[in-house]
Amino acid sequence: MKENALYIQSGGPTSVINASAYGVIKACMQNPDRIGRLYGVKHGVVGLINEKLIDIYAMGEEEIELFPHTPSMIFGSCRYRIKDDSDYEKIKDVLEKHNIRYIFYNGGNGTVRACKVMKKYLESVNYRCQMIVIPKTVDNDISCIDHAPGFPSAARHVIMSISELAHDLRTYDTDLITTVEVMGRNTGFLAAACILAGREGNGPDLIYIPEVVFEPEKFIGDIRRIYEKKGKCFVVVAEGVKTREGKYLFEMSDNWREDNPQLNMGGISTYLHRLLQEHFDCKIRCIDLGLMQRCAVHDASEVDIEEAIAVGKEAVNAALNGADGVMISIRRVSDFPYVMELEQVSIDEVVKEDATLPLSYLNEEKNYIRPEFLDYIEPLVGELPSYAKLKQDKE
């Protein structure tokens, strides 16, 4: 009897995770002598526990060809944490029932840790199964990889949004402070990417990242210096910035529910708006770019789509060549022209630490990003739109 494969999406969506699914599907289809059926799991590990499997081949070729440009996560995810071995027993029973011997787990650093634990359990009960992690994240916080699929598209969306907001900021000749909240719970890669918008004069004046302690007094002082000079100030803040006491800014909003964080709405913009109102009399706008950062496929990076498909295909090829307990990684060979290579990294190495934005990219004031970061981000997001300028704006 032919051995079957399983594909699981985990964690939060990205613009290109379905492109990785496409890569897995195509590679499995190209190896019918080794892989019998490919099953997808509906809503992550919960679906696996409850045997919510989908025969992907039965979807039809026309539907499958739409995967690379389908937003968010077609198979869905969950926020469920496995409680004890009883869950793993159910998972093992499902795998055994469907003769699944290959698992392709598509997720972020939390997924890598979950895979390590699941693999250890399956080995303890002598269930033979090869497990390959396919990376994805918008935060870019996975270690042992140049960048994870999903990040380039999120960065492109953020850069274009910042450029468009910069134009809106200049519409009226009135005083204005605007802050933009971008994703990045523990890393500042997305916030840092905004300096690329500045190349055409559409970037923010200030950037704040989670790798640096957020000091409200310094924040106000930084803004005041720019505002008094220009009459406007444009600020990007990553959602994960923390105070010196270790509190996220979103925990300091008026309606924060300590007893049930799941009920909380919004991020840090409410807090920033209140803080700025206490110190400035001008118009203040605090904008949250929201979920579109992670699910918008209409402006996805072409490099990102291609790489997402490639890591999906490579996961299958690696498994068929005997790999087990590894993550498919991207290694950058050169910036210009951009060249990358795929390689395998042990999940034991990946789980040791999360990636963060190197502090060497920060300016001395720790409120902006050095130009050196452009070499890292520019090849990933692709060519950006060009906008008209008035003659006096060019001078």
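Contact here means heavy atoms within 4.5 Å. Keep that cut-off in hand for the first stop. The model is predicted.

**Stop 1: N109**

Select N109. This residue belongs to helix 5, residues 109-124. Is N109 buried or exposed? Its relative accessibility is 15%, so N109 counts as buried, because buried means under 20% relative accessible area. Now show its contacts. Setting aside neighbours within four places in sequence, N109 touches D141, I142 and D354.

**Stop 2: strand 4 and its partners**

Step back to strand 4, residues 100-107. How many of its eight residues are buried? Eight of the eight are, and the strand is mostly covered. In a regular strand, side chains alternate between the two faces of the sheet.

Add strand 1, residues 4-9. Strands 1 and 4 run parallel and are joined by six bridges. Pick N4 to find one of them: its bridge partner in strand 4 is I100.

Next, add strand 5, residues 130-135. Strand 5 pairs with strand 4 over six bridges, again in the parallel sense. To locate this pairing, select N106, whose bridge partner in strand 5 is I134. Now trace the chain from strand 4 through helix 5 to strand 5. This β-α-β crossover is right-handed.

**Stop 3: aromatic pairs**

Switch to the rings of Phe, Tyr and Trp, counting pairs whose centres lie within 6.5 Å. The count comes to 13 aromatic pairs. Start with F67 and F75, a tilted pair with 6.0 Å centre to centre and 55° between the planes. F67 has 1% relative accessibility and counts as buried. F75 is buried too, with a relative accessible area of 2%.

Go on to Y227 and F280. These rings meet edge-to-face, 5.6 Å centre to centre, with 80° between the planes. Which parts of the chain does the pair tie together? Y227 lies in helix 8 (residues 216-230), while F280 is in the loop between helix 9 (269-277) and strand 9 (283-288). The pair therefore links parts that are 53 residues apart in sequence. Both Y227 and F280 are buried.

**Stop 4: charges over rings**

Stay on F280 and add R224. The charged end of R224 sits over the F280 ring, 4.6 Å from its centre. For another such arrangement, select R185 and Y248. Here the charged end of R185 sits over the ring of Y248, 5.5 Å from the ring centre.

**Stop 5: an aromatic cluster**

Finish by selecting F151, F189, Y361, F373 and Y376 together. They form one aromatic cluster.

Methods:
Residues numbered from 1 in each chain as written. Predicted model: local features only at pLDDT ≥ 70, side-chain atom pairs only at ≥ 80, totals over all residues. Heavy atoms only, no water. Phe/Tyr/Trp six-rings, centres within 6.5 Å; stacked < 30°, edge-to-face > 60°. Buried < 20%, exposed > 50% of the residue type's maximum accessible area, 1.4 Å probe, protein only. Helix = DSSP H or I, 4+ residues; strand = E, 2+ residues; numbered from the N terminus. Lys NZ or Arg CZ within 6 Å of the ring centre and 35° of its normal. Pairing = 2+ DSSP bridges. Right-handed = clockwise from strand over helix to strand, strands pointing away.
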